[in-house]
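Me: Please take a close look at one part of this model. Start with a single residue in a loop, then work outward to the rest.

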Amino acid sequence: MRNLNQDTVTQAVIARFAQTPDPRLKQIMTSLVQHLHAFARDVKLTEAEWFAGIEFLTQVGHITDDKRQEFILLSDTLGLSMLTVAMNNDKPAGCTEATVFGPFHVEGAPVVPLGGDVAQGASGQPCEVSGRVCALDGTAVPGAHIEVWQADAEGLYDVQRPDLGGHQARAILKADEYGRYHFKSILAEAYPIPDDGPVGDMLRATKRHPWRPAHIHFMIKAPGYETLITHVFRNGDQYLDSDAVFGVRQSLIADWTPRSDGSYEVKFDFVLNKAA
Ligand code: BEZ
Ligand code: FE
């Protein structure tokens, strides 16, 4: 195959994948080439722009390590993460909706008894969080495995503080026999996603802000049910309509109610979808 030009190169590349044994891989590679080439044609990509793109992705790779996942951040800020979540989490009406996982979940969070303190010294105004885990028909999901994680008052997750040497504002809890859970934590506050890398450069160059509306992350697992990865967002937050990663769903917004002692409380019930 010689003398390929702008009219023939796309089909030539696609043909090169013709022998791919895995049909799904073949489909993905073929479509990727088609769309990538269509994109380059659409914007009439110059060689300098192609190289700038390569340099950008190189920087994304260089800043990525086991604590910093700039590729996920890039996917999040391009809406690809939310698109993938939306396409793969079509649940019956009434089930709690899913949203983006984000890069700050870690394995091995401390197990905290119901009513315990999840904050573990993280800065922030005290807050009590409670609710119930149930099925679509309202029956309790007893003993559901609940993981929670959130940023502190300065907008940082514990994993963003290398000097901490422990966990803060994250925990694993177990719902009681009625599916109920409650824990002490800190008030969720809006925070900017890490913007000191190439994704931050992209946001600034396009006049986008890096802020996420205040939220708590939840991951809930129970035998016989689909795992739910979601957030509860704080009503009234100024970034609910401009989340940097497009993760807000109306059904996930709750009121954080101030109490007379200066603390807050929020209640949220989760409805799990039966596993297929
Ligand atoms: C988060 O909510 O933790 C998050 C999600 C996407 C990108 C950065 C942070
Ligand atoms: Fe978050």
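Reply: Q120 is partly exposed, because its relative accessible area is 44%, between the 20% and 50% cut-offs. This is a predicted model. Q120 sits in the loop between α5 and β1. Its backbone stands out. Phi is positive, about 50°, although Q120 is not a glycine.

A second residue invites the same look. K207 is not a glycine, and its phi is positive too, near 60°. K207 belongs to the loop between α6 and β6 (211-212). Its relative accessibility is 78%, so K207 counts as exposed, the threshold being over 50%.

Back to the loop that holds Q120. H105 is also placed between α5 (80-88) and β1 (126-135). Its relative accessibility is 13%, so H105 counts as buried; the limit is under 20%. What does H105 touch, leaving out residues up to four places away in sequence? The list is E147, W149, R170 and M219. With E147 there is a polar contact. The side chains of H105 and E147 meet at 2.8 Å.

Next, the metal site. The iron ion (ligand 2) is coordinated by two tyrosines and two histidines: Y157 through OH, Y191 through OH, H215 through NE2 and H217 through NE2. These distances run from 1.9 to 2.1 Å. Six donor atoms surround the iron ion (ligand 2). The angles they subtend range from 54 to 164°, so the arrangement is irregular. For six donors to count as octahedral, opposite donors must be over 155 degrees apart and all others between 65 and 115. An angle of 54° fits neither condition, which makes the site irregular.

The donor residues follow the spacing Y-x33-Y-x23-H-x1-H in sequence. The two tyrosines link distant parts of the chain, 34 residues apart. Y157 is in the loop between β2 (145-149) and β3 (170-174). Y191 is in strand β5 (residues 191-192). Both Y157 and Y191 are buried.

Now return to α6, the helix on one side of the K207 loop. Helix α6 (residues 198-205) packs against helix α3 (residues 47-63): their axes come within 9 Å and cross at roughly 135°. That angle makes α3 oblique to α6. On the α3 side, F56, Q59, V60 and I63 take part. They meet P198, V199, D201 and M202 of α6.

Helix α3 has another partner, helix α4 (residues 70-77). The axes of α3 and α4 are 8 Å apart, at an angle of about 130°. This pair is therefore oblique as well. Here F56, L57, V60, G61 and I63 of α3 meet E70, F71 and L74 of α4. F56, V60 and I63 serve in the contacts with α6 and in those with α4.

Finally, the whole chain. The protein chain has six helices and twelve strands. Its C-alpha trace spans about 75 × 40 × 35 Å along the principal axes. Of the 276 residues, 41% are buried. Take contacts between residues at least 6 apart in sequence: 70% of them join residues at least 24 apart. The tyrosine pair at the iron site, 34 residues apart, spans distant parts of the chain.

Conventions:
Residues numbered from 1 in each chain as written. Chains lettered and ligands numbered in written order. Predicted model: local features only at pLDDT ≥ 70, side-chain atom pairs only at ≥ 80, totals over all residues. Heavy atoms only, no water. Helix = DSSP H or I, 4+ residues; strand = E, 2+ residues; numbered from the N terminus. Buried < 20%, exposed > 50% of the residue type's maximum accessible area, 1.4 Å probe, protein only. Polar contact = N/O pair within 3.5 Å; in protein donor to acceptor, adjacent residues only side chain to side chain. Contact = heavy atoms within 4.5 Å. Donors = N, O, S within 2.8 Å, 3.2 Å for Na, K, Ca; no water. Tetrahedral: all angles 85-135°; square planar, octahedral: opposite > 155°, others 65-115°. Axes fitted to C-alpha atoms, helices over the stretch in contact; angles between N-to-C directions. Parallel < 35°, antiparallel > 145°, perpendicular 65-115°, else oblique.
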